[in-house]
Amino acid sequence: MEKNRPVAEKPRDFFPNALRAFHQVRPGCFDFLSENGVLLRVELVDEAIVRFRFTPDGRFEDDFSYAVDPDYSPGVPAHETLEIADAIAIRSGALSIRIARADLKVTVTDVSSGRVVSKDEKGFHWEDNRDFGGEVVKMSKACHHGEHFYGLGDKSCDINLRGRRFDLWGSDTYAYGSDTDPLYKNIPFYISLTAARAHGIFFDNTFRTGFDFGSERPTVTSFFAQGGEMNYYLIDGPDPIDVIRRFTRLTGCAEMPPLWALGYHQCKWSYYPEAVVRSLARGFRKRRIPCDALYLDIDYMDGYRCFTWDGERFPDPARMVADLEQDGFKTVAIIDPGLKIDPDYPVWADAYERRLFCRRQDGNLFKGSVWPGLCHFPDFTRPEARDWWADQFHSLIGEVGVRGIWNDMNEPAVFEDGTFPHDVRHDFDGHPCSHRKAHNVYGMQMVRATREGLSRFGHGRRPFSITRSAYAGTQRFACAWTGDNVASWEHLGIANLQCQRLASCGMSFIGSDVGGFLETPTPELYLRWVQLAVFHPFFRTHSSGDHGEQEPWSFGDETTDGVRAAIELRYRLLPTVYTAFRQYVRDGTPMLRSLPFVDYRNAETYWRSAEFFFGDHLYVVPIMEEKEDGRFLYLPHGDWYSYYDDSRPKAVNKDIWIDCPKDGIPVFVRGGAVVPHWPVQQHVGEIEHPTPELRVWWADRTIASEWYEDAGDGEDWKHDGFRESLFHVDGGRGWLHLRREWKGHWQPGYESVDLCFCGIDCCEERLVLKVDDHEIEVLRGEDGRYRGTTHRDFHECSLEWRPLPAPSKTKLTREG
């Protein structure tokens with residue numbers, strides 16, 4: 001007779017119990033041990049960042065992170081500890097961290113106000129992972145009334161995450177929708193915003209993770225992972241932009257890109273053979289549509305073998321690339337991770353001989369099908385594999401002259417089951433693990449190796465690399481795009497949201513496939529998408545060629561003229577785009593700033609997501625509905641002008657109606673702004689030393705602006721080889737004063753600067769501008785703006801006029 005077998009228990013949660021011991025590990029770092037062996041480590045990273053690590057078995061694994069910048073070392077902040085009856089308290093900067101003696105629950109408060117910033121609900125808990133060993137680690141926190149959540153990088157829903165649940169597990173999500181989850185990128189960072197106070201949570205765990213923002217229980221927010229450590233950072237604000245800056249600096253700021261990378265790019269799956277690529281280049285120059293980069297998708301390769309060329313389609317790639325560069329086009333080529341299993345393919349054979357490919361649990365090589373057929377895949381978490389991969393670019397970059405590399409399919413994606421099996425093994429930089437742990441960083445480590453190859457063979461030029469998959473910190477290595485989207489109005493809106501969200505998570509160098517990768521956009525949709533993408537840092541049309549042509553001239557003459565005008569606007573604004581990028585590199589300031597993060601003291605903005613700020617002073621209002629020739633928009637508090645004609649809105653802090661003709665989307669400029677411009681070029685460098693124009697908008701208050709310049713390529717910018725100007729505009733009725741100071745040793749090649757004064761309530765034909773120790777005449781143009789020219793190194797100028805009887809309050813429209 002068979003004996004009765006015990007029924008397996010359902011997984012249950014375990015919790016820390018009472019505090020047994022507390023001691024300081026090193027300055028600013030404290031350990032708390034519970035009676036049942038749970039160890040909590042609290043580390044003061046800086047005065048606004050606190051790290052929490054929990055382990056249920058009383059010991060920590062090696063402290064290793066792909067996300068945290070290895071060069072980040074702000075120093076231990078001043079702090080004090082207090083032992084009280086029911087808790088241990090640590091005070092540092094504006095925060096008090098309280099660890100309960102009963103159960104190690106954490107409460108963080110604002111020292112000055114006593115207000116709770118973050119409070120554990122269940123706090124840390126875990127369950128045993130019966131399938132794989134280890135633990136499923138969990139954290140739940142109280143969700144305040146009126147608390148709102150943002151972030152998580154690559155999500156396609158509204159920017160406000162309250163009431164929703166998400167997973168992070170990089171996935172090849174072809175034709176995703178607004179509710180598709182997960183997507184390509186994995187950034188376990190979110191921002192909490194409550195009543196004008198923000199903080200962030202960065203959960204640095206590379207396993208499949210989940211986040212619940214009041215979906216299961218409305219009063220609780222939680223995050224959890226299928227393995228690894230409960231390891232998270234609390235990043236204080238109270239300004240949301242400061243939270244983003246601190247997170248970006250923690251995970252590493254980007255470097256300045258080559259200036260051409262901020263121009264317009266054209267891509268398709270695929271442009272081939274060589275004659276088609278050359279014809280494409282002629283098409284841009286013939287039609288006078290600016291463009292800086294042309295892309296080669298997988299069909300340039302020999303049978304989709306990476307690092308090869310199809311000799312029939314591209315018989316002399318070096319000559320083609322050189323000819324394109326002579327005409328102002330940089331060539332960008334795709335490289336995927338899968339290497340075709342072929343003994344006659346030298347790249348595969350070399351990697352095989354060096355044992356650099358991923359293996360299964362039993363030691364066999366992992367095989368998966370992608371474009372070339374069955375492939376093996378390098379283990380990019382192994383330093384030797386990354387170094388070898390970088391060396392493979394010696395021909396493509398160093399000899400042929402390709403200027404950028406685009407990494408695709410690196411979630412990693414395979415055709416059989418979507419991605420690698422869980423039992424695939426990885427080195428993880430000396431911390432061996434399964435694919436469960438390495439999956440979410442595979443693409444990051446691939447593009448890290450790619451960037452190293454670009455640097456190694458780029459002859460001193462700045463590397464330009466693109467990735468589809470990412471983990472927190474990938475901004476150190478690449479820009480990104482939002483994946484295989486669809487030519488629809490819904491996806492135009494999704495692109496707007498995704499780019500804002502990724503910028504709020506450290507990845508400002510972001511863009512979408514303009515017009516949609518799948519299906520064919522209408523002329524109106526393509527035009528509106530281009531007009532939005534002018535204000536996305538990465539500006540590229542990309543499409544699947546089997547859905548039709550998607551070049552800027554593919555939709556009729558009227559649309560071509562509108563697209564040309566939009567791209568020309570991008571090239572005029574390149575100095576402003578470059579300056580915003582400098583702020584991103586220097587401080588971690590996002591280039592795209594969602595309205596709730598800028599106007600965070602106004603709770604009315606917390607659910608608004610369409611409008612956004614580009615840089616410090618431009619406010620962009622996308623048009624995302626078909627045949628939308630007008631719309632309501634929200635204009636935050638401040639002095640605002642229409643970018644196009646200086647007309648001023650009749651109200652702020654409320655919804656107002658605006659006309660939206662097809663020739664441009666509404667853009668507003670903050671009063672007092674100084675916005676640098678260039679003349680239109682067909683590509684960066686067409687004019688060797690373009691004369692800049694500084695457009696200055698009047699305001700009756702003091703406003704600061706920046707303008708960053710350097711050589712546009714090379715590494716001198718790291719050694720003071722730049723000019724960084726700081727402007728202050730002061731104004732009042734009938735006068736304006738502009739002061740300028742700068743730092744850096746770079747000397748511009750131009751001799752003069754054009755000044756354009758906007759929003760001046762005067763109708764005199766000419767005014768006298770006092771510049772440093774001399775005077776110049778500024779003339780009123782047909783657009784009502786006053787223009788003059790002065791020397792490049794001016795320090796201050798002032799303008800006076802006889803004002804009109806009443807301030808102009810014209811109807812706000814987009815004209816000309």
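This talk walks through the strands, the nonpolar cores, the cysteines and a few unusual backbone spots of one structure, which is a predicted model.

Let me begin with the sheet, and with a reminder for those of you who are new to this. Strands of a sheet pair through backbone hydrogen bonds, and the pairing can be either parallel or antiparallel. In our model, eight strands make up an open sheet, and if you follow them across in the order β1-β2-β3-β4-β18-β15-β14-β11, you will find that the pairing is antiparallel. What stands at the edges of this sheet? The edges are taken by β1, residues 19-26, and β11, residues 148-151, and each of them has a single partner strand, so one side of each is left without a neighbour in the sheet. Neighbouring strands here are turned by 20° against each other on average, if we ignore their direction.

Staying at one of those edges, we can look at how β11 is attached. The strand β14, which covers residues 189-194, runs antiparallel to β11, and four bridges join the two. If you would like a residue to look for on your screen, take H148, which stands opposite L193 in β14.

Now let us move along the chain to a smaller set of strands, built around β24. Strand β23, residues 368-370, pairs with β24 in the antiparallel sense over three bridges, and the two form a hairpin with two residues between them. On another pairing of β24, residues 373-376, we find strand β22, residues 339-340, which is joined to β24 by two bridges and also runs antiparallel to it. Which residues face each other in these pairings? The bridge partner of L339 in β24 is H376, while G368 has C375 of β24 as its bridge partner.

That last residue, C375, brings me to the cysteines. How many disulfides does the model have? The count comes to zero. C375 itself is in no disulfide, and the nearest cysteine sulfur, which belongs to C306, is 7.7 Å away. To judge that distance, we need the cut-off, because a disulfide is counted when two cysteine sulfur atoms lie within 2.5 Å. C375 also counts as buried, since its relative accessibility is 0%. A second example is C797, whose sulfur is 12 Å from the closest cysteine sulfur, in C756, and this is too far for a bond. C797 is buried as well, with a relative accessible area of 1%.

Next, the interior. The largest nonpolar core has 208 residues, and those with the most contacts inside it are F202, Y300, I335, W389, F464, F535 and F757. Helix α7, residues 435-457, gives this core its largest share, namely nine residues. Apart from this core lies another one, of 41 residues, and among them are L44, I99, V106 and V117.

To see what surrounds one of these residues, consider Y300, where, leaving aside its neighbours within four places in sequence, the contacts are T308, W309, D310, F314, A333, I334, I335 and L396. We can ask the same of a residue in a strand, T209, which lies in β16, residues 209-213. T209 is buried, with a relative accessible area of 2%, and beyond its neighbours within four places in sequence it is in contact with F166, D167, L168, F203, F224 and A225.

Finally, I would like to turn to the backbone, again with a reminder first. Most residues other than glycine have a negative phi, and most peptide bonds are trans. Where, then, do we find cis peptide bonds? One joins D181 and P182, with omega about 0°, and P182 sits in the loop between β12 and β13. Another joins E411 and P412, again with omega about 0°, and P412 lies in the loop between β25 and β26.

As for phi, Y304 has a positive value, near 65°, although it is not a glycine. Y304 belongs to the loop between β20 and α3, and it is partly exposed, with a relative accessible area of 29%. D646, also a residue other than glycine, has a positive phi near 70° and is found in the loop between β38 and β39. Is D646 buried or exposed? With a relative accessible area of 11%, D646 is buried, because the limit for that word is under 20%.

Conventions
Residues numbered from 1 in each chain as written. Predicted model: local features only at pLDDT ≥ 70, side-chain atom pairs only at ≥ 80, totals over all residues. Heavy atoms only, no water. Pairing = 2+ DSSP bridges. Axes fitted to C-alpha atoms, helices over the stretch in contact; angles between N-to-C directions. Buried < 20%, exposed > 50% of the residue type's maximum accessible area, 1.4 Å probe, protein only. Contact = heavy atoms within 4.5 Å. Core = buried A, V, L, I, M, F, W, Y, C linked by side-chain atoms within 4.5 Å.
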